[in-house]
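Work through the three exercises below with the sequence and the 3D structure at hand. Try each task before reading its solution.

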Amino acid sequence: MSPSIVDLRSDTVSQPTAEMRARMATAIVGDDVYGEDPTINELEAKTAAIFGKEAGLFVPSGTMGNLLAIMVHCHKRGTEALVGDLSHVFLYEQGGASHLAGVQLATLKNEPDGTFCLTELRRRIRHDDYHEPITSLVVVENTHNICGGKVIPLAFLDELANLLHQPGVSCAPIALHMDGARVFNAAAALDVSVARICRDFDSVSICFSKGLSAPVGSVLVGSQRFISQARRLRKALGGGMRQAGILAAAGLVALEEVVPLLGNDHERTKRIANAIHHLQSPNITVDLDTVQSNILLIEIKRSELTASEFAERLAQVEPQELATGVTAKDGSGIILKASARDWAFARVVLYHQVDDEQVELAIKKLTFVIGQYDQRWPRL
């Protein structure tokens, strides 16, 4: 019997819904490079309106969306963008800002809540010195992936915007870009609109292929002028697509049907976190106070155990599990897929297709495996 698989490595493994597949099959399309795809145009306009921005641009990926924003905001040679040291744009986008756009990324230490010190930010802003690059952009990630799906507080966003708008802070205007791959999760957690969260940002990149369950694509939003420049640069990066309305159709369904349900993902994430916390393991723990959205970091306290080893064990089915009922309803073993990389934690991420039954399977598997480690190491 094949094992039952619960894949919580990332919300990028989410699947298009039945309605998405149906709408994709019947989407009205045209050549988007000519601006003639009505479904693309609808998604761009609808997304921009939801975010309170003038225009939008459909792009193949969030990485391209972030890169285009950097290229537009930092269009002069010798410019610099300030980003968090744990941000996706710094860690996981291949340094595209430097080797494709010629923009230097300078890092600010991310705090555990995903923010950074604004006093340090102000100190790091370059002034009119010929020896230095020109600070042209600050990037905020919301929710913050590596910080555990943290929702950036509105008070921080407001204070950041106020700081950058103060007279004399810099020798040139500094733009604000939000890597909002999961910004709809932030809105669900705060119970506010994405327009409020992004009110003071010049641009936002929104991913539709993570928790929103669409198969492909992100939308970059901003002013008409900004989007016009980004559209031109998208062509240079190979992002111009033709009958891409087939993809945009899924994005429209995501806005209508998936976004309103994101709170369910958050509740199920908390359910898993509570189950792990209830075990009171000395070796593997979670911090309940920091579980804010659909991402859960499972901390490995034991130096003899790596996060990768823990994730590998979760993906195995041992005979003892089958003998003791650590199975699905049909008696099959449970494979739980989690992310680890070289982190000090394993990460699980929930999404639209992870239902209550899969959550219970994940809890059952985690309880058994953590119990095994606690038997081996009863105290830290």
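The exercises concern a predicted model and cover one residue, one strand and one pair of helices.

**Exercise 1.** Decide whether Ser 4 is buried or exposed, and find what it touches.

Solution. Start by locating the residue: Ser 4 lies in strand E1, residues 4-7. Next take its relative accessibility, which is 17%. Buried means under 20%, so Ser 4 counts as buried. Finally, leave out residues up to four places away in sequence; Ser 4 then touches Ala 328, Asp 330, Ser 332, Gly 333, Ile 334, Ile 335 and Leu 361.

**Exercise 2.** Describe the surroundings of strand E6, residues 175-179.

Solution. First check burial: 5 of the 5 residues of E6 are buried. Then sort them by direction. In a regular strand, side chains alternate between the two faces of the sheet. Here Ala 175, His 177 and Asp 179 point one way, while Leu 176 and Met 178 point the other way. Last, look at the partners. E6 runs parallel to E5 (residues 134-141), joined by 5 bridges, and His 177 is the bridge partner of Val 139. E6 also runs parallel to E7 (residues 203-207), with 3 bridges, and Asp 179 stands opposite Ser 205.

**Exercise 3.** Describe how helix H3 (residues 62-73) and helix H10 (residues 224-236) cross.

Solution. Two packed helices are described by the angle and the distance between their axes. The axes of H3 and H10 come within 9 Å and cross at roughly 115 degrees. The crossing of H3 and H10 is right-handed. Residues making the contact include Leu 68 and Val 72 of H3, and Phe 226 and Leu 233 of H10. By class, the contact has 8 nonpolar, 2 polar and 1 charged residues.

Conventions: Residues numbered from 1 in each chain as written. Predicted model: local features only at pLDDT ≥ 70, side-chain atom pairs only at ≥ 80, totals over all residues. Heavy atoms only, no water. Helix = DSSP H or I, 4+ residues; strand = E, 2+ residues; numbered from the N terminus. Buried < 20%, exposed > 50% of the residue type's maximum accessible area, 1.4 Å probe, protein only. Contact = heavy atoms within 4.5 Å. Pairing = 2+ DSSP bridges. Axes fitted to C-alpha atoms, helices over the stretch in contact; angles between N-to-C directions. Left-handed = near helix turned anticlockwise from the far one by under 90°. Nonpolar A, V, L, I, M, F, W, Y, C, P; charged D, E, K, R; others polar.
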